[in-house]
Amino acid sequence: MSIFDALREDHDVQRKLLDDLISTQGKSREREQFLNLIKEAMESHAAAEERYFYKPLIDFDTTIDHSRHSVAEHHELEELLEDLTDTDMDSSAWMAKAKTLQERLLHHLDEEETEVFPLAGKALTPELKNKLGSDYVAEMSKRSHFA
């Protein structure tokens with residue numbers, strides 16, 4: 001499996017979990033569960049993606065700026081997730097923050113897939129794409145039950 005296939009699979013998991021989270025209401029066990037699931041998925045994905053996708057891309061002139069931008073967005077998303085976690089689930093502010101997180105994460109994932117992946121596809125050799133994919137999947141299997 002190439003790094004792109006592995007990342008797309010995880011992106012789809014995150015999209016689905018966010019949809020599920022947004023569909024919950026009030027302070028409920030279901031909302032807590034989906035919040036914990038999206039938190040785990042986002043954190044494990046960002047750590048493994050930075051190591052097995054963005055770290056190698058820093059070495060190429062064509063992908064260095066996009067790599068830095070995407071890693072910076074990971075940190076912004078982490079802060080949004082932390083803010084959401086610290087907000088009372090019964091408050092109207094919680095849903096507003098959840099929708100902001102969803103909007104920003106969807107933007108980030110779409111940007112990666114439409115802008116970064118094509119550039120990375122040109123920079124990385126086929127062998128490296130597959131090795132990074134295998135390494136990423138192995139790392140995710142240690143970090144997350146979504147792998």
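**Exercise 1. Read the fold along the sequence.**
Task: Which pattern does the chain follow, read along the sequence?

Solution: Walk along the sequence and you get α-α-α-α-α. Now count the elements: the chain has 5 helices and 0 strands. Keep in mind that you're looking at a predicted model.

**Exercise 2. Check the overall dimensions.**
Task: Work out why the radius of gyration of the chain agrees with that of a compact globule.

Solution: Start with the length, which is 147 residues. A compact globule with that many residues would have a radius of gyration near 15 Å. The chain has 16 Å, so the two agree. For the outline, take the C-alpha trace: along its principal axes it spans about 50 × 30 × 20 Å. To finish, look at contacts with a separation of 6 or more: 77% of them come from residues 24 or more positions apart.

**Exercise 3. Look at surface and charge.**
Task: How many positive and negative charges does the chain have, and how far apart are their mean positions?

Solution: Count 18 positive and 33 negative charges. Average the places of each kind, and the two mean positions turn out to be 2 Å apart. Next comes the surface: about 7,800 Å² is accessible, and carbon and sulfur atoms make up 49% of that. As for the residues, 44% of the 147 count as buried.

**Exercise 4. Place Leu 57.**
Task: Is Leu 57 buried or exposed, and which residues does it touch beyond its neighbours within four places in sequence?

Solution: First find Leu 57 in helix H2, which covers residues 29-57. Its relative accessibility is 0%, and buried means under 20%, so Leu 57 counts as buried. Then list its contacts, leaving out neighbours within four places in sequence: Thr 63, Ile 64, Ser 67, Val 116, Ala 120 and Leu 124. Met 42 makes a handy ruler here: it sits 15 residues from Leu 57 in sequence and 20 Å away in space, C-alpha to C-alpha.

**Exercise 5. Follow the rings.**
Task: Which residues do ring pairs link into a cluster?

Solution: The structure holds 4 aromatic pairs. Take Phe 53 and Tyr 54, an edge-to-face pair with 4.9 Å centre to centre and 70° between the planes. Phe 53 also pairs edge-to-face with Phe 117, at 5.6 Å centre to centre and 75° between the planes. That second pair links distant parts of the chain: Phe 53 lies in helix H2 and Phe 117 in helix H4 (residues 92-123), 64 residues apart. Both Phe 53 and Phe 117 are buried. Tyr 54 has 1% relative accessibility, so it counts as buried too. Put together, the cluster is Phe 4, Phe 53, Tyr 54 and Phe 117.

Key:
Residues are numbered from 1 along each chain as its sequence is written. This is a predicted model: local features need pLDDT of at least 70, side-chain atom pairs count only at pLDDT 80 or more; totals for chains, interfaces and linings use all residues. Side-chain values use heavy atoms; hydrogens and water are left out. Helices (H or I, at least four residues) and strands (E, at least two) are DSSP runs, numbered from the N terminus. The radius of gyration is taken over C-alpha atoms; the globule rule is 2.2 Å times the number of residues to the power 0.38. Buried means under 20% relative accessible area, exposed over 50%, partly exposed in between (1.4 Å probe, protein chains only). Contact means heavy atoms within 4.5 Å. Accessible areas come from the Shrake-Rupley method with a 1.4 Å probe; for residues, only the protein chains shown count as cover. Lys and Arg count as positive and Asp and Glu as negative; His and the chain ends are not counted. The place of a charge is taken as NZ of Lys, CZ of Arg, CG of Asp or CD of Glu. Rings of Phe, Tyr and Trp (its six-membered ring) pair if their centres lie within 6.5 Å; planes under 30 degrees apart count as stacked, over 60 as edge-to-face and the rest as tilted.
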